[in-house]
Amino acid sequence: MLEIRSITKRHGAQTALDGISLTVAEGAYLSLLGPSGSGKSTLLRVIAGFDTPDEGQVTLDGRPLTGIPAHERGIGFVSQGFALFPHLSVFDNVAFGLRYHMRKPVRDGSEVRRRVLETLEMVGLAPYAQRQIQQLSGGQKQRVALARTLVVKPRLCLLDEPLGALDANLRQRMTLELRRIHSALGITFFHVTGNEMEALAMGDRVVVLDAGRILQTDTPDVVYNKPNSTAVVRFLNRYNLFAGRNDGRGGIATAAGTIAAPRSGEQRQGADYVDFCIRIDKIQVQLEGEAVGQSQAALPATYITSEFSGAIITHLFRLTDDRVVEVEDHLSHRRPAEYAAGQRYNLVWPRDEGLVFPVSAAVIEAAIRVAA
Ligand code: ADP
Ligand code: MG
């Protein structure tokens with residue numbers, strides 16, 4: 001078990017990690033999601049032992065790692081950009097970690113051979129053992145980097161944006177591969193990414209990091225369906241967001257009209273100012289004038305256009321305040337609806353599917369200062 005306790009790491013005046021605490025169970029697949037600069041790489045470097053925290057401690061199976069050099073931690077690290085030896089073959093790149101292991105180098109050539117081939121087999125690169133690195137595709141280089149890390153049998157494997165350099169198709173394939181390799185090995189994977197869909201697809205647990213702090217730690221299902229704050233909602237890229245004010249009568253006044261608030265979660269609705277969020281796939285499109293039920297919320301909108309991406313259709317609508325919102329539809333659900341450009345519709349959703357987060361007075365004050 002990996003335990004991260006109150007880790008703070010500063011770079012000069014900049015606080016890269018601000019009191020991070022996290023427990024990762026043995027054999028888990030953890031995703032760490034955060035925007036660029038949020039401290040993801042720094043956290044991995046602290047765990048691996050390449051960076052020393054200013055405060056806090058990391059323990060692995062109860063053993064404090066403080067003062068233990070990186071090469072003695074039994075932690076593998078696949079860094080951003082792979083850092084392979086371009087002049088060596090695939091085999092020699094993977095063998096390198098074994099032959100030159102700081103603690104226990106493997107000198108027996110036949111053992112090196114056996115372990116390298118076994119690992120290449122696992123990552124699907126056995127036929128490429130004698131290839132030069134320059135002759136490989138991005139996805140194959142990624143597999144070499146992974147094999148080089150896994151060949152020494154680490155207890156914990158840290159992956160820093162491992163799919164970041166790959167195109168969308170390959171990314172999809174490699175996510176499945178990584179999951180397969182993880183279950184075959186049974187070791188703990190700690191996977192850092194800036195891509196929300198990747199984080200949700202990969203992890204048994206997802207940690208959301210922002211500005212060196214953890215915003216939410218939960219299963220992908222909970223993070224996706226019940227993000228705990230406006231910040232997490234923004235990272236998910238799957239919600240339409242509205243600045244609103246509670247009208248005291250069960251409605252939220254926004255620039256695009258009043259929205260029927262969810263009836264659950266009243267504790268959050270005591271706040272005067274709120275962020276209202278509705279996921280893009282919860283919205284249905286109705287003809288203007290069609291009845292809206294008590295259990296539904298609605299906003300009038302004008303249809304603009306639709307974008308197709310595989311089986312997913314994103315319809316764009318303009319609200320009365322000129323803002324553009326997204327409505328997601330799926331080809332497998334039903335025949336794709338056709339809307340008339342410039343025509344008015346109602347965007348409708350079950351009102352209890354809306355999420356409401358109080359906006360603190362400090363945020364509003366800051367907005368007023370900017371505007372003034
Ligand atoms: P991420 O991997 O999420 O993009 P990083 O962990 O690389 O973020 O960086 C977190 C913050 O710390 C950033 O603001 C970055 O500029 C700063 N930072 C990281 N490494 C250094 C360093 N060696 N010196 C100074 N600032 C750094
Ligand atoms: Mg990084």
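# Asking how the terms apply

Guide: An oxygen atom of ligand 1 is 2.9 Å from an N or O atom in the side chain of Q14. This is a predicted model, where local features need pLDDT of at least 70, side-chain atom pairs count only at pLDDT 80 or more, and totals for chains, interfaces and linings use all residues. Residues are numbered from 1 along each chain as its sequence is written, chains are lettered from A and ligands numbered from 1 in the order in which they are written, and side-chain values use heavy atoms, leaving out hydrogens and water.

Visitor: What makes the pair of Q14 and ligand 1 a polar contact?

Guide: The term asks for a pair of N or O atoms within 3.5 Å. At 2.9 Å, the Q14 pair therefore qualifies. The side chain of K40 also has an N or O atom 2.9 Å from a ligand oxygen, and for G39 a polar backbone atom is 3.1 Å from one. The protein covers 60% of the 560 Å² of accessible area (Shrake-Rupley, 1.4 Å probe) that ligand 1 has on its own.

Visitor: Which elements give two or more residues to the shell around ligand 1?

Guide: They are β2 (14–24) and α1 (40–48), and α1 has the largest share, 3 residues. Helices are DSSP runs of H or I with at least four residues, strands runs of E with at least two. Among the shell residues are H11, P35 and T42; to count as near, a residue needs a heavy atom within 4 Å.

Visitor: How do you know that β7 is mostly covered?

Guide: Buried means under 20% relative accessible area (exposed is over 50%, partly exposed in between; 1.4 Å probe, protein chains only). In β7 (156–160), 5 of its 5 residues are buried, so the description fits. L156, L158 and D160 point one way, C157 and L159 the other. In a regular strand, side chains do alternate between the two faces of the sheet.

Visitor: What makes β7 and β8 a pair?

Guide: Pairing takes at least two DSSP bridges. β7 and β8 (188–193) have 5, in the parallel sense, so they pass. β6 (75–78) joins β7 over 4 bridges, also parallel. C157 stands opposite G76 in β6 and has F189 as its bridge partner in β8.

Visitor: What makes β13 and β20 edge strands?

Guide: Their open sheet runs β13-β12-β11-β14-β20, with antiparallel pairing. β13 (257–260) and β20 (355–358) each pair on one side only, hence the name. β20 pairs with β14 (273–279) over 4 bridges, with V274 opposite P358.

Note on methods
A polar contact is a pair of N or O atoms within 3.5 Å; within protein, one must be able to donate a hydrogen and the other to accept it, and residues adjacent in sequence count only if both atoms are side-chain atoms.
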